[in-house]
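Subject: A structure for you to look through

Dear colleague,

I am passing on a structure that I would like you to read through at your own pace. Please open it first, and then compare what you see with the notes below.

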Amino acid sequence: MRPEAVEHPAAVRLSHWVAAGAVAVLVMSGLEIFAAFPSFGGKIPQHDLLALPEAIRLGGWLGGALQWHVTFAALLMAAGFAYAVYEAASGNYRQVLFACRDLAGVWPMVRHYVLRAPKPVVRGTYNPLQKLAYTAALALGFILAVTGMALYKPVQLSWLVTALGGFGMVRVWHFAAMCGLLAFIPGHLVMVALHGWRNFVSMWVGTRA
């Protein structure tokens with residue numbers, strides 16, 4: 001197989017699917033952790049912010065959920081680190097990260113996808129809208145990692161907890177980042193569907209079948 005025929009290198013595919021599985025477990029176990037104290041303050045008045053069904057929670061209780069959460073958070077961070085190393089070493093980050101020069105191309109791509117306007121010329125692997133979405137997802141992942149560490153070790157990382165506004169606010173930032181990442185997923189799946197079955201297959205095997 002010629003190197004140029006590979007659309008998604010093995011390092012990208014592996015980190016993508018490891019991250020996808022880890023995020024699913026983290027969301028479900030995170031909701032179980034949140035269910036132990038479903039509020040972002042002193043619960044005044046005394047009622048839960050959200051009533052979360054058990055079907056979308058993982059862990060069975062706080063201790064069990066924490067074990068799932070910490071294990072898969074470590075797995076996600078390892079996948080993210082491996083991905084970052086590959087992107088930096090290969091120079092592929094230039095095709096993924098959103099830059100100022102991409103700003104003018106966002107609205108034409110929105111018009112193409114939403115209003116069915118003619119597709120603008122795309123010279124890179126990803127169009128400006130995709131790059132904006134991927135960069136936002138990576139930023140949200142970074143925020144989740146930082147706030148997650150602050151929640152896991154609030155005493156050892158007290159300076160970080162203080163800088164983020166206190167333990168209660170760290171929970172808010174962590175939850176908001178999770179919601180942002182979940183909002184990214186439907187748009188990502190729609191983009192995959194719009195680009196066709198071969199695009200989806202290439203994320204499994206590396207090339208368009």
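How much area does the protein chain expose, and what share of it do carbon and sulfur atoms supply? In this model, which is a predicted one, the protein chain exposes about 12800 Å², and carbon and sulfur atoms supply 71% of that area.

As for the fold, the protein chain holds 8 helices and 0 strands, so that reading from the N terminus on you will meet the elements in the order α-α-α-α-α-α-α-α. The C-alpha trace spans about 55 × 35 × 35 Å along its principal axes, and of the 209 residues in the protein chain, 33% count as buried. When you look at contacts in the protein chain with a separation of 6 or more, you will find that residues 24 or more positions apart account for 65% of them.

Turning to charge, the protein chain carries 15 positive and 7 negative charges, and the mean positions of these two groups lie 9 Å apart.

Finally, a word on the cysteines. A disulfide is a covalent bond between the sulfur atoms of two cysteines, and a search of the whole structure finds 0 of these bonds. Cys100 counts as exposed, because its relative accessibility is 76%, where over 50% is the cut-off for that word. Cys179, with a relative accessible area of 37%, is partly exposed.

With best wishes

How values were computed
Residues numbered from 1 in each chain as written. Predicted model: local features only at pLDDT ≥ 70, side-chain atom pairs only at ≥ 80, totals over all residues. Heavy atoms only, no water. Helix = DSSP H or I, 4+ residues; strand = E, 2+ residues; numbered from the N terminus. Buried < 20%, exposed > 50% of the residue type's maximum accessible area, 1.4 Å probe, protein only. Contact = heavy atoms within 4.5 Å. Areas by Shrake-Rupley, 256 points an atom, 1.4 Å probe, with all protein chains shown as cover. Lys, Arg positive; Asp, Glu negative; His and termini not counted. Charge placed at Lys NZ, Arg CZ, Asp CG, Glu CD. Disulfide = S-S within 2.5 Å.
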